[in-house]
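Student: I have just opened this model and would like a friendly walk through it. Could we go step by step?

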Amino acid sequence: MNRRNFIRLAGGGAIAAAAAGTLAACGVLDSHYPAEAVEAWQGPVGETEVRRRAVAYAITAPNSHNLQPWLVDLREDGVITLRTDPGRVLPQTDPLGRQILIGHGAFLELLGMALAEQGVASQVLLWPQGEMPAALKDWDDRPVARITLQPGGQPDPLFAQVLLRYTPKTDFDTTRAVAPALLAQLLNSAPANTPLRCGGTVNADQLPALRTLCWESARVELLTPRTMMESIHLTRVGPAEILQHRDGISINSPFVRAVSALGMFDRSAPPAEGSAAYKNAMGRFEGHSSTAMGFVWISGPNTRSDQVRAGRAYVRQQLQATALGVGMHPMSQAVQEFAEMAPHYERVHQLVLGRPAPRTPQDPTVQMFCRIGYPQGEVPATPRRPLARFMHT
Ligand SMILES: Cc1cc2nc3c(=O)[nH]c(=O)nc-3n(C[C@H](O)[C@H](O)[C@H](O)COP(=O)(O)O)c2cc1C
């Protein structure tokens, strides 16, 4: 290989220099997301109706694989009915729909905060027609929540962080430790009056085992064809795809865009071991795992309502992290319930709760498991679909 004719790109691959020149001319080397794809982060521009304004904030909630699985019904005056968008679930990596419901909890929390900010109190009734069945395949269109609006509403100081909260899916700076006092502030944001518990560590003795758990569990997800394919189908590469979908796993890095633009990103099968796409995906997870400067987790019982509560607590904790200037990034692989993950599911419970994996919905269950640290560069906002797409009509 003539080394001068190849350009090495972040992500560990190389492409021909001539091709890179063409790609640069096409803008492939600019890694910013298209402005329209991230317009949700401007807040409810031009919206005047109280509920629509609140929903415009709520759609910025964190949610797994950025599927944005929420559908709201505003046809009844003074009420918002929240349902799951049936096509926006993850049967392979989230076979019980637990993570999808965590995303609903985060949505409900932001919705309530955004209503309160407008002087409106809300009463949330979960599962007005009964809980979702245990298996995702049996889910129907029953509402997750019915939210009734009333005068009142107590503004929440964390609301100021809503449009600033971005999940840092990047390596952290290993020269900056997270102070124990900051961890304590983060853990204090846990809501009172719930069975949930928040835990965490920045203890150097505990980090290696937890970093290894992240990396080994990520390898299982990446090497299990059906879970890897679930992610590949949701991967959007480059501005055109990101703008077309405004959901899923948006990748705008020069390396992956170059590989895709050159027709070298095969989406019909898991990337072959040793291929550029394989090394890129592995490298990303390895970097995330090894640069974790601490961990935080939320645990508690595991009924459908607990899952929603965990989402409410999670987004509050991430808003608190935003206020404190520290990055908080879920590494959910070990807490996923598909069969191949079972050894790591057991291990995460042993490591953070000191007990076996749960056998019943009443047993303590790790609902969220995140790494914390300081991102090395700017963290971009992740795309959201237009507001109208979330409205049941
Ligand atoms: C239940 C749940 C699980 C998540 N798991 C992961 C994960 O394993 N890896 C990851 O990069 N992000 C994970 N995230 C974060 C989402 O990818 C992120 O919220 C989504 O892409 C939207 O980005 P934003 O939070 O910056 O708005 C998770 C979020 C939730 C709510």
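Student: At roughly what angle do the axes of helix 4 and helix 10 cross?

Tutor: Keep in mind as we go that this is a predicted model. Helix 4 covers residues 180-188 and helix 10 covers residues 304-324. Their axes come within 8 Å, and the crossing angle is roughly 145°.

Student: Is that crossing of helix 4 and helix 10 left-handed or right-handed?

Tutor: For the pair helix 4 and helix 10, the crossing is right-handed.

Student: How many of the residues in the contact of helix 4 with helix 10 are nonpolar?

Tutor: From helix 4 come Leu182, Gln185 and Leu186, and they meet Gln317, Gln320, Ala321 and Leu324 of helix 10. Sorting the residues of this contact gives three polar and no charged, while the nonpolar ones number four.

Student: Which helix gives the most residues to the largest nonpolar core?

Tutor: In soluble globular proteins, nonpolar side chains tend to be buried together. Here the largest nonpolar core has 76 residues, and Ala58, Leu110, Leu111, Val348 and Phe369 have the most contacts inside it. With 11 residues, the top contributor to this core is helix 3.

Student: How many residues does the second, separate core have?

Tutor: Val256, Ala258, Val259 and Ala277 are among its members. The size of this second core is 10 residues.

Student: How far does helix 9 reach from its first C-alpha to its last?

Tutor: Helix 9 runs over residues 276-290, which is 15 residues. Among its buried residues are Ala277, Asn280 and Arg284. At 1.5 Å a residue 21 Å is expected, and the helix comes close to that, with a reach of 21 Å.

Conventions:
Residues are numbered from 1 along each chain as its sequence is written. This is a predicted model: local features need pLDDT of at least 70, side-chain atom pairs count only at pLDDT 80 or more; totals for chains, interfaces and linings use all residues. Axes are lines fitted to C-alpha atoms, for helices over the stretch in contact, and angles run from 0 to 180 degrees between N-to-C directions. Helices (H or I, at least four residues) and strands (E, at least two) are DSSP runs, numbered from the N terminus. A crossing is left-handed if the near helix is turned anticlockwise from the far one by less than a right angle, and right-handed if clockwise. Two residues are in contact if their C-beta atoms, placed from the backbone, lie within 7 Å. Ala, Val, Leu, Ile, Met, Phe, Trp, Tyr, Cys and Pro count as nonpolar, Asp, Glu, Lys and Arg as charged, and the others, Gly among them, as polar. A nonpolar core is a set of buried Ala, Val, Leu, Ile, Met, Phe, Trp, Tyr and Cys residues joined through C-beta atoms within 7 Å. A residue is buried if 20 or more other C-beta atoms lie within 10 Å of its own, exposed if 12 or fewer, and partly exposed in between; C-beta atoms are placed from the backbone. The expected span of a helix is 1.5 Å times one less than its number of residues.
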